[in-house]
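User: Please take a close look at a single part of this model, the surroundings of the ligand, and then connect that part to the rest of the chain.

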Amino acid sequence: MKTAVYYQSMTGNTEKLAYAIASALPAGTSCEAIEAGTKSDADLLFVGFWTDKGTCPFDCAEFLSDLDGKKVALFGTCGMESDEAYYNGIISRVSGFIPSEDQLVGSFMCQGQMSSAIKEKYVSLLEKDPDDPRAKKMMEIYEAGIGHPNKEDLLHAEEFAGKIYDSLNNEAS
Ligand SMILES: Cc1cc2nc3c(=O)[nH]c(=O)nc-3n(C[C@H](O)[C@H](O)[C@H](O)COP(=O)(O)O)c2cc1C
């Protein structure tokens, strides 16, 4: 079962998950950044994305839309704290790009530190109104995200990948 990892990452969070996932897969499993036109000949693909307005970015959506007859495991990072319902919503939107000939075999999401540009936005809103409830909440989320994905997140990502690979490999043999 040829297996490969693909990811789209802007500031490095999702890339960290991608390499952790690849480390849990057979030696030599490739780990490749998705670019316009990326194609795959693998049977099992771990596809990672950073969350952009509630879904995956464009190149990742294009890559997923083009798959045919693959097993796909999704993974991603997003700015929000661990919230299964929120994570499930993202996975459901992203999995909508996967054609019906493919099979979604699992998913994993975790928080990823947001860029300082996002922090500046909330700092400036709080300067105008220190009681702005939304800005206060977003600032809390920003602070909770610092350092993510952390060691524990990476360990969970490795476990996720190992379990999926083992169960599909056992099925195949
Ligand atoms: C333009 C933009 C849009 C974003 N949209 C969302 C979003 O809708 N939901 C969310 O939880 N995080 C959102 N984020 C946060 C990123 O998904 C998060 O920080 C992610 O870990 C970045 O991953 P990367 O380092 O691999 O690029 C957004 C960030 C940017 C810059």
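Analyst: In this predicted model, the ligand is surrounded by 19 residues, of which Thr14, Trp50, Cys78, Gly79 and Gly112 come nearest. Two elements give two or more residues to this shell, namely helix 1 (13–23) and strand 4 (71–78), and the largest share, three residues, comes from helix 1. By residue class, the shell around the ligand divides into eleven polar, five nonpolar and three charged residues.

Both of these elements also take part in the largest nonpolar core, which has 39 residues and draws at least two residues from each of strand 1, helix 1, strand 3, helix 2, strand 4, helix 3 (84–95), strand 5 (103–111) and helix 6 (151–172). The largest share of this core, six residues, is supplied by strand 3. The members that touch the most other members are Ile21, Phe46, Val47, Cys60, Phe75, Ala157 and Ala161. In soluble globular proteins, nonpolar side chains tend to be buried together.

Cys60 leads from this core to helix 2 (residues 58–65), where Cys60, Ala61, Phe63 and Leu64 are buried. Viewed down the axis of helix 2, these buried residues fall within an arc of 160°, and they therefore line one face of the helix. The face turned away from that buried side carries the exposed residues Phe58 and Ser65. Strand 1 (3–7) and strand 3 (44–50) are among the elements that cover the buried residues of helix 2. For Cys60 itself, once neighbours within four places in sequence are left aside, the contacts are with Gln8, Ile34, Val47 and Phe49.

Strand 1 can be followed through Val5, which has its place in that strand. Val5 counts as buried because 26 other C-beta atoms lie within 10 Å, where 20 or more are required. Not counting residues up to four places away in sequence, Val5 touches Ala18, Ile21, Ala22, Thr29, Ser30, Cys31 and Phe46. Among these partners, Thr29 is 24 residues apart from Val5 along the chain, yet the C-alpha atoms of the two are separated by 7.3 Å.

Two backbone details in loops deserve a careful look. Lys53, in the loop between strand 3 and helix 2, has a positive phi of about 50° although it is not a glycine. Lys53 is exposed, with 7 other C-beta atoms within 10 Å, in contrast to Val5, which is buried. The other detail is a cis peptide bond that joins His148 and Pro149, with omega about 0°; Pro149 has its place in the loop between helix 5 (133–145) and helix 6.

At the level of the whole chain, the domain assignment gives domain 1, made of 3–112 + 148–172, and domain 2, covering 115–146. Taken over C-alpha atoms, the centres of domain 1 and domain 2 are separated by 29 Å. The two are in contact through seven residues of domain 1 and four residues of domain 2, and the side of domain 1 that touches domain 2 divides into five polar residues, one nonpolar and one charged.

How values were computed: Residues numbered from 1 in each chain as written. Predicted model: local features only at pLDDT ≥ 70, side-chain atom pairs only at ≥ 80, totals over all residues. Domains from an automatic or database assignment. Nonpolar A, V, L, I, M, F, W, Y, C, P; charged D, E, K, R; others polar. Near = placed C-beta within 6 Å. Helix = DSSP H or I, 4+ residues; strand = E, 2+ residues; numbered from the N terminus. Buried ≥ 20, exposed ≤ 12 C-beta atoms within 10 Å, placed from the backbone. Arc of directions from axis to C-beta. Core = buried A, V, L, I, M, F, W, Y, C linked by C-beta atoms within 7 Å.
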